[in-house]
Every structure is written in C-alpha cells, then in structure tokens.
Amino acid sequence: MTEVTATAPLYLSIENLWKAFGEFLALRDISLDIHDGEFVCFLGPSGCGKTTLLRAIAGLDLQTKGTIMQAGRDISNLPPSERDFGIVFQSYALFPNLTIEKNIAFGLENTGRSKSEIAVRVAELLDLVGLPEQDKKYPAQLSGGQQQRIALARAIATNPGLLLLDEPLSALDAKVRVHLRHEIKELQRILGVTTVMVTHDQEEALSMADRIVVMNHGVIEQVGTPTEIYRDPATLFVADFIGEMNQISAQAGAKETVVVGGAEMKCRSHQFSSGSAIVAAIRPDDVIPHGNGARSPGAKDIIETPENAFEVLIDEMEFLGSYWRCRLRNERFGEQELIADFSVNAARRLALQANDTMMIELPKSRLMAFEQAGG
Amino acid sequence: MSDTVAKELPAGPAVKGKLSRDDLLMRGGMAVIALYLVVTLVFPLYAMLSKSFSTFWFDLGQYEVQVSNEAGVFDGKAISFAALNEEMGLLSEEDLTAGSDGRLGVTQFFPDFSFRSPVLYKIRATTDSGRYLVGSKLHTGTVWLELDSNTFRRVQLRPIKSVGAGNFVKFFSTPALFNSIRNSLWIAVVSTVVTVSLAFWFAYALNRSCMRFKGFFRLVAMAPILVPSLLPGIALVYLFGNQGMIKEVLFGASIYGPIGIIIGSIFFTLPHAFIIISTALAISDARLYEAAVSLRASPWRTFWTVTIPGARYGLISAAFVVFNLVITDFGLPKVIGGQFNVLAVDIYKQVIGQQNFEMGAVVSVVLIVPAIFAFAIDRLVQSKQVALLSARSVPYQPNPNPKTDRIFLIYCSLVACFILGILAICQYAALIKFWPYDLSLSFRNYQFDRMDGGGWSSYFNSIKLGLITAIAGTSVVFFGAYLVEKSNGFKVGRSVFQMFAMLPMAIPGMVLGLAYIFFFNNPSNPLNVIYGTMAILVICTVTHFYTVSHLTAVTALKQMDREFESVAASLKQPTMKLFARVTVPVCLPAVLDISIYLFINAMTTVSAVVFLYSPKTTLASVAVLNMDDAGDIAPAAAMGMMIFYTNAGARILHLIASKGILRRTQAWRAR
C-alpha cells in the first residue's frame, strides 16, 4: 500500500505552517506532503494541534504563517467556500430541521443540477452509505452511527477532492465505532478521495490510515505507515503513545549495545555516544519467554542473543483474555518492573505462576534506545 | 525530531485571509445594525449628555452701544452693556443665566428710554460670537447698526453657550429637585423588598409544594405584564382615592404618594421578580435535600442552608431588576404620586411642564446612575447563575404535605386576589357611568373619541406600533444576533456590537425618549424628518427593548451547532441560505418569543414614547396617561383594559400560532 501512495502525485502540500493563539503556539513549523488518494490520520493527544492543522487545511481557522497548496493551487489564504473539500465533524452538524434527503441535497443545490439529477445523486449516496430507505426521516430519528454516515454522504455529495474527518467516530459507542471504521475505509477506497482524519484513538489510526502523522505539542513527531510507526517509532513519545512500551533507564553502550543496570545488552543500532543516559525500550509483546515447552511442541527453544537473556522473578500475573500480562523483576531494573505479555498457550506450557522464576530474552532487533523525554 | 524544530514564531506578517463574499456580507450587515444602534442610542445619549452640560448666559461685555442726543447726533462714545449694568446694579449673575432660548431686552438699561423719542441708537457686538435679535432677525458681527428708538426697543440679546456643570450645581442646590433622589431611592428600595418577598413565596409555593391550581396561579402572576404600569394607579384611586370605595382602611392616610406608588409598583413588578426567582428555584438539586434529610437537619435549617443559598442569585437578580423597574418607572408615580416627586416624573415635568430641556437632561443623567448600577450587578449575578446546575443534578420533586400545601394555597390565593382585584376594579371603573353618583353600567367610557388623548385612533395606532415593532424589531434583533454570534474573526467589531446591544437595558425609557428629542428634533439633523412620525416611535421602542430580545436570540443561537456555518461553507452554499433554511426555522420558538415580547411592550410602554408622539401618532398607553391627567379616569381605565385584552388576545394568538407553526416546522423535534 505504501508503494502505491508514494508514486501517486502530490495532492496536498503543507509548508512551514505556524499557528499562534496569542502567546501559545498551537502549530510549530509543520511541513507535510499528502499524496493523491491517500488516507492520512493526524494522531496525537488532545491539545497537540491536530484539529488546528485540519481546520487550517479547511480554512476554518487560518494559520498564522505558512502555505498550503492543494492540487497545485495555493489555498493558503482562501476562505473555506473557495477551497475544495468536504468535512465531517464529531457532532456531524446535520441540519436538524431538514430530512436526510434534504441534508444530503443541501450542497447539490445551486450547482446547475436539475431536481431529478439531485434526487438520483441523493439515492445513490444513500445506497453507498447503506441507508437507502431513510431519506424522509429527520436526523434525530436515526442512531448515532446512521447520522455519522449521513454526514459522510453529505460531505462527499459534491465529489470534493479532499475529505476531512474531524474525530468522526469518537461520539459513538465502541462496537459501532469498530464497524464504521471499516466502512469509512472501504468507502474511501472505492471513491479514491484523498482523506485526512483527525483522531486521538491510536487503534483507529492504525487500522484505517495509509500513513499516520503523529503530533505532539504542535510539532510532527513522526510520519509513517502504521507498521513503521508501530515497529520503528522515531521518538520515545511515539513509542509510548502508540501501543505500550517498557521504558528502562539505561546508558548507551558501544554501537548496538545498551547498558542496563550494569549489564550490557545488544540492541538496535543507535547514534548515542557511549555512556550517555538514555531510555531502553521494548514492547511487552516483544519479550520472549524461554524454558521447557516455550515453543510449540517439537520446536527447539533457542536463545538467539545470550547477552539479552536473563532470569526474572514473576511478581504478578494478570489474565487479560487472549494473553497474560506479567510483571517481572530483575535486579538490573532496580525498583522498576518489566511488563511482558505472554500468550495463553506459552503461559500454560511453561506453567507460569506468580513468584516463580523464569528465563526471558529481549530480542536484539526489538530493543530500542531513545533519548530521554524532555531532553 | 522535536529538537530540530524552531521554537520561535518567525518574524513577518501573519497570513491575511481573503474574505469570502459571505464574510463581507456578514460584516456589512453587522456594521449596518451597529450603525443603527449608534444612531438610535449612542448619538441621542451623547446629545443628551452634552445638553446636560450646556449652560447659557448673557455676556453683557460682548455688546456695545452708542446713544445720540435728541437731534440724532452721536458723540462717538461707546459703552458696553456690562458697564451699564454695573452702573445701575440692574441684573445679578443669576439673572444673566438663561436657557437655550433665552432673550434679554435692552431697553431696561436705559431708564429714560421712550420709543417715541427722536434719540437714535447704535449697537454692535464686540466679538464675532455676540448675537442679538432685531425683531426676529438675527445679527452678529462688530459693525455698528444704527436704529431709531422704535426699532431699538425690539432689540434682544441672545445668550452664549458654555460647557460646564452649572446645571448640575443648580440641580443639587434646589431642594425640590434634589429631594426626588431620596424619594426615588426610598420608593424603589421598599417596593423591591416587598415585591421580592412576595414573589419568592409565590414562586416557592409553585415550585416546592404540591398545592392545587398551580397552572392558574402561574397565569395570574404573569397578567400584570400585559398592562401599562400606570393602570394599577387608576385602580388604587378608585379603591382608596378621595372618593374611594374603601378609603377608610387607610385610616386617613392618602393613597396619593408613596403608599400608592409602592402598592402599584408591587403589582407591575411582581411578574418580573416571579419569573426570575421561579427559574432559580426550579433548577435546584434534589440531592442536596436528600443529604439534608439524612443529616437530620430541621426544615428551618434546610431552608436557610440549602434553599436560600441555591436561590440567592435569583433573589439578587430579581431585586435589582425590580429596583430598576421601579426607579425608572414614570407612569405610576405620574398617576398616583400626588405631590411626591420622583426622578422619572421630574424629567417629564421639567421638559413638558417647564420646557427646561437642560434640567430634564440633568435629571436624566442622575437617573441613569442607579439604573446602570442595578443593571451591572444584575448582569454579573446572572452570569454566575449559569454555573450552578451541574449535568448530574437531579430535579427536586416536592412531596405532598396537606398542612403546608393548604397554607401555600391560601397565600397564593391572596396574591392572585390582589392581582385580579386590581384588574377587576379597572374593568368595573370602566363600565360605571359616573362614579360614585351613577353606578349603572354602560359603555359610555369607551367612547374615546369624545375625550382627550387621541380617541380610538390612538388604540389603533398602538396596535400598528406593536405589529411594526414586533416584525421590524424581531428581524433586526435576530439578524444582528446571528451576525454577531456566527461570523468569523472580526473580534473587536463583535465585542463592540455586543456592548451596544447590552446598553439599552441600562437606559431608562424616559431618558431614551428625551435623548431622542435632543437628537432627532435638531433641525440640522438629516434624520429630523422622522420626528413626529410612527417611524420614530418604532425605532425608539425597538431600541428601548433591544437587550432582552437580543439575549433571547443569542441564547437560542448558542444552542445551534457551531459547525453549521463551516459545513455550509464547505458545501459552497451561501450563509444566507443556511440562515433562511436552517437557522430561522430551528430558532422559530425564540423568534416568536421575541416578537410577542416586543408587541406587548410596545402596547404598554409609556416612558419613552411620551416625549415622541405627535397628534397623528397618539398611543393607547399615552392616552391612558393623558385622559387620567385630564380627569377622565374612567375612560383611562377603559383604555387600559383595552390594552390588557389586546395583549391577552395577542398572547393567546401567539400560543396558538406557535403551536401550529411548531407542529409544521418542528416535526423533527419528535423522535
């Protein structure tokens, strides 16, 4: 998928964007390219500037500095009505006194389309979002998920070149949300419309986006595909914000090693000079359990990097359905506990129990070194 | 990555947004309505303020005169009038102060003046600003003007204008005027205390007891809003006046004065206090009462520690609203005040009675001070009230208590009797042939065309005023509120507009009316043409009642999704289409509320329009005042009740219309 979008032509280009609210800088020197047909998510905690960036693209809140090019046209200072986009808000902003049909037709009027053309288009859109029979109802008569889809239909009715989604799913309950994620993504794929979605939900971003833009404090921390972002977080913030991450204070060793509690372990290559204080990080599900029966029956349990394998005490075990979450202790971590997620199968085969000791390995390719937060 | 990013906003100008056609349209619209408020509020008030600080006096040193001998030969010796005055000790400093229309004859400076004598006179001003009249022709300038005796006696000096606090000094040193401040404050304070207490228990009974007939009492409590404030005065005259039905109960005290004003004020301010306190009591949190019960607090203690603190903002707000209404009311003290002077009536007396516009302006300025003060406190308190109710509050449900419910029922019945009694007396008075001599009933008093005050045409003028005000006012107010709520950017302009929209509430009607005279009756004002027309009455009424209407509109608009405008823009649809298709229909209940509010107030208002009506645009409410003034009290009562029935009818129509329109246009509200 990454290959497809990378070769697609540039559609939206943001250059050195700043936004100041008085003294507060909501966006700081943001530059970003979005390709034609791409689905991009702006992901970050609340207050990170993601919505501000979206509103700047829409022209709803003008940026203080910087330029935005859309399809080769400089739209930096254009009012929303002169830009080319459709938008869905968290509140949907459906017109409460107009029927579903009239809501969707709202943007089609005064565009040179005849009444019958509009009716055909509305029916087509209702089909597309899977609500063909609801045209005479009022928004309040629909469920949240249905309203959401109507808002989407209204936004794409005029075939805009760009679709903007501002936390479109966060007002819905969990089940509907998961379902709609898939539907929106599917719709976007069919229409091929370049889409920018703002969300604070990492799962949403990981499952829907072609590329994710992780933001924090008004700057972009990392841009990449969901797998890149998850597997190779560029900063500790990204590592921590997306998925879970054990953070262990450590010193940088020579190239490809870190020193944790006096013990040297192999890790991914890093740029830090030897001896500098860093954070070693590994995801709980990357911790490998060792011992008799740790692998599936018949397979041999091999420790790949002996420096990275050591014995730990299981302090606590928590059953979370598909896996066990274990809190592990070892003197090299000091007071800190290492969290590891072991599959239910592995835990059963190893007969793991609290207060037992076991052997684990932090695989070299999954142990990362980061600059300390705030540094 | 974050450390590679610049931390400082680069220098240079910010991106300047291109305005869309809608932006321009909305800003233009806002400018137009802001201009309307400037012209109909700010300019008139400024004119009034500057009037209150203008003093006029005759500057005798400005004029010189030469007198010839009997043969008509001048000796070339000129003498100033100041010197003449000093020589003779004729006019004191006080005599030389004047109004803007003051004229001073010159012959009094010449004791042996005779218009038949052959003596000739030469007169001139010594400065360019000196003005004098010969007959009705105005002369200025330093060129000598030669006149014979017969013409010279028609010379009059004109005063010069200067800016100063002289009028205020005069006001505060004239006990008759100055005492009005004390009277006004006293009346307002007493009325406020009594009204708020009465209204509190009435609202308490309706919100916190299980007594019967709540709907009826609620309706009765609102009735006084439908009549002019001076109507209770008429009823009180019939009850306790010199020939009153039950004047004995006053034990010889006179109803004409503070007693009458206070009772009447209670009548017409009760609904206002009731609405505010009732709202405050309605939103209290049941969980607090449950907590009080579980802590075994006595009902008395619960009342003082839960009920009163919960309603305190409502009580304070109600108190200041009532205070403001009473201190600025003009109709009631005019009808029943007798010799008891209050500020609002003083303005009327100074302007209509004595034609002393400068002093009228001074009293107005004095009256604005407590009015603005009360208004400011009310706004402050209202903004705090909002935060009181959390989303998790549980509405209080009263439990039946036969004993207290009966006490409340008796209490509410008494208050209802008071309100209905006043109205019934007025109706009775209107139907009696000739109180107290011929008690047979007739419609004679409805033959308004035989009385002063403009006759039936004033009634129809009032309806016309009400309808135009409701339609034009609602349009202007709602559109203005929409523009200020929903336009982008332009922060300074919007907050200035908000300020203008809040101002009218702080300005008493009398003051506004007087300010309109100063501004619109000025011949050099191009808007002078509307003076004396229905247009100025409409404009004045809309402006007078702008604030409450504006707040109603803003409240409704704030409940609309903020993003409607963004969606419309993204769909490339004009904002005005959104306004017409979505905003107005969704806000229709508020729009209807504003229009009925404006209609009823246009029907009942006296204070502002009393200065502005012309023989062609007499109004019913003013007719009540004028007929009462002329001694035609029964027809005044009859007209007052016509206003009541009209407003009651309008209210019912409004109710039916809203229901009908709501059913058709608000189908979406039903799930």
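Me: How many Å separate the centres of domain 1 of chain A and domain 2 of chain A?

Reply: In this predicted model, the two centres, taken over C-alpha atoms, are 40 Å apart. Domain 1 of chain A covers 2-241, and domain 2 covers 248-370.

Me: What does chain A span along its principal axes?

Reply: The C-alpha trace of chain A spans about 75 × 45 × 35 Å. Chain A holds 10 helices and 20 strands, and 43% of its 375 residues count as buried.

Me: Now the contact with chain B. How many residues does each chain bring?

Reply: As a general idea, the size of an interface is often given as the accessible area lost when the parts come together. Here we can go by residues: chain A brings 40 and chain B brings 33. On the chain A side, the elements giving two or more residues are β1 (10-21), β2 (24-35), β6 (86-88) and β10 (219-224). By class, that side of chain A has 21 nonpolar, 14 polar and 5 charged residues.

Me: Let's pick one helix in chain B. Which residues of α22 (residues 575-586) are buried?

Reply: For a residue to count as buried, 20 or more other C-beta atoms must lie within 10 Å of its own. In α22 of chain B, the buried ones are Thr575(B), Leu578(B), Phe579(B), Val582(B), Thr583(B) and Val586(B).

Me: Why are they on the same side of α22(B)?

Reply: Because they cover an arc of only 130° around the axis.

Me: And what do the buried residues of α22(B) pack against?

Reply: They pack against three helices of chain B, namely α1 (21-52), α16 (455-486) and α21 (564-570).

Notes: Residues numbered from 1 in each chain as written. Chains lettered and ligands numbered in written order. Predicted model: local features only at pLDDT ≥ 70, side-chain atom pairs only at ≥ 80, totals over all residues. Contact = placed C-beta atoms within 7 Å. Helix = DSSP H or I, 4+ residues; strand = E, 2+ residues; numbered from the N terminus. Nonpolar A, V, L, I, M, F, W, Y, C, P; charged D, E, K, R; others polar. Domains from an automatic or database assignment. Buried ≥ 20, exposed ≤ 12 C-beta atoms within 10 Å, placed from the backbone. Arc of directions from axis to C-beta.
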